[in-house]
Amino acid sequence: MTIAFDNQVAIVTGAGGGLGRCHAIELARRGARVVVNDLGSAVDGSGASESVAQRVVDEITAQGGTAIANADSVATKDGGEAIVAAALEAFGRVDILVNNAGILRDAAFKNMTADQFDAVVAVHLIGAFNVTRAAWPIMREQNYGRIVHTTSGTGLFGNFGQTNYGAAKMGLVGMMHVLAIEGARNGITVNAIAPIARTRMTEEIMGEAAKEMDPELVTPVVVYLAHRSCERTAHIYSVGAGKVSRVFIGVTRGIQDPALTAERVAAAIDEIDDTSSFTIRGGPAAG
C-alpha cells in the first residue's frame, strides 16, 4: 500500500523547523496541500518572524509540492481560528491537523515562575486546543479527520526542570482520549506521538545521542497516523532513532476489599502495584 494524500489538506503547527518542518515536507511530498504554520519565535517563545514558515514553503514548492505559510500564534483563540481560516481560504478544506508547536522555559520547580508555567501551557496545550477547536466543526461536517498531538516523555514519565512542559504534554494526552471518543461517530481519529529527536529544543541536552536522533525518523509515524487507512485512535507512540513503541496507561489487577482501611492498603501495596497483570483502555492485556 502506498500512503498518499492527494486532494487532502494538512495543517502543521510549529512547522518552521525541526519535527514540524519534516512533517510538512513529507506530507506535501505525498500529495497533501499543507499550511505551514510557525510564529517564527525563539525557543523560549520570544520574537516572531514570518520568514521562518515561508522558508519551508519555499522548500516544498521547489520540490513540486503545494503549501502556504502562516505566522499566526496558536496561543490565542484568534490565532487558532486564523490558521484554520487560512487553510479554508487557500484550499477549501481541512483533513489533517498535526499539533506540533511548542516552546521551552525550563527551570527547577523551586525557581519556576507563574509566567514560565503559563507561557509553556499556552503554546503546547491551549495552542493545541485553539487550533483543534477551530478545525473540529469542519471535520465533523465532512465526517472525516485525522489529528496528531505531540506529547512527550517528560509528560508521560517525568524529567527534571520541566514541570510546565510535562503538565502541558500530559494534558494533551487527556485531550486526546476525550476527543477520540467524541470524534469516533464522525470518522475523526486522534492520536499522539512522544518523539525523541534532535531539534533546536533538544540538541543542547541530548549530547552524543543527538547524532542518531534525526527528526526525519519521527515523521513516518505521523504520516501513517494522518492517513485514511489508519483506524487507530487514542494511541500514543514513542518514536525516535527508528524505534517505534506504543505507550499506554494500564490498570493493575489490584485488590478489592469492601472494608478497606489504610492498614490493608499498606499490607497489600506490593499486590496493588504488581504489573504482571493489567488492563488497558479497549480491552485486557498481559504484562
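This tour moves through a predicted model, from its sheet to the helices beside the strands and then to a single residue, Asn 37.

Begin by selecting the strands, and colour them from one side of the sheet to the other: the sheet is open, has 8 strands with mixed pairing, and follows the order S3-S2-S1-S4-S5-S6-S7-S8. At its edges you will find strand S3, residues 66–70, and strand S8, residues 243–247, each of which pairs on one side only. If you look along the sheet, the twist from one strand to the next averages 20°.

Next, select strand S4, residues 96–99, together with strand S5, residues 145–150, which pair in the parallel sense over 4 bridges. Within this pair, show the side chain of Val 98 and that of Val 148 in S5, since these two residues stand opposite each other.

Now add two helices to the view. Helix H1, residues 18–29, lies across strand S1 (9–12), strand S2 (33–37), S4 and strand S6 (188–195), and runs at about 170° to S1. Helix H3, residues 77–91, lies across S1, S2 and S3, with a direction at about 145° to S3.

The next stop is helix H2, residues 51–62, whose 12 residues reach 16 Å from the first C-alpha to the last, close to the 16 Å expected at 1.5 Å a residue. Show the side chains of Val 52, Ala 53, Val 56, Val 57 and Ile 60, which are the buried residues of H2. Why do they fall on the same side of H2? They cover an arc of only 140° around the axis, and this places them on the same side of the helix. Among the elements that cover these buried residues are H1, S2 and S3. Turn the view to the face of H2 that points away from its buried side, and there you will meet the exposed residues Arg 55 and Ala 62. Before leaving, step on to Gly 64, which follows H2 and has a positive phi, near 90°.

Finally, select Asn 37, which has its place in strand S2. Is this residue buried or exposed? Asn 37 has a relative accessible area of 2%, and is therefore buried. To see what surrounds Asn 37, display its contacts, leaving aside neighbours within four places in sequence: they are Val 12, Thr 13, Gly 14, Ala 15, Gly 16, Asn 70, Ala 71, Asp 72, Val 74 and Ile 83.

Methods. Residues numbered from 1 in each chain as written. Predicted model: local features only at pLDDT ≥ 70, side-chain atom pairs only at ≥ 80, totals over all residues. Heavy atoms only, no water. Pairing = 2+ DSSP bridges. Axes fitted to C-alpha atoms, helices over the stretch in contact; angles between N-to-C directions. Contact = heavy atoms within 4.5 Å. Expected span 1.5 Å × (residues − 1). Buried < 20%, exposed > 50% of the residue type's maximum accessible area, 1.4 Å probe, protein only. Arc of directions from axis to C-beta.
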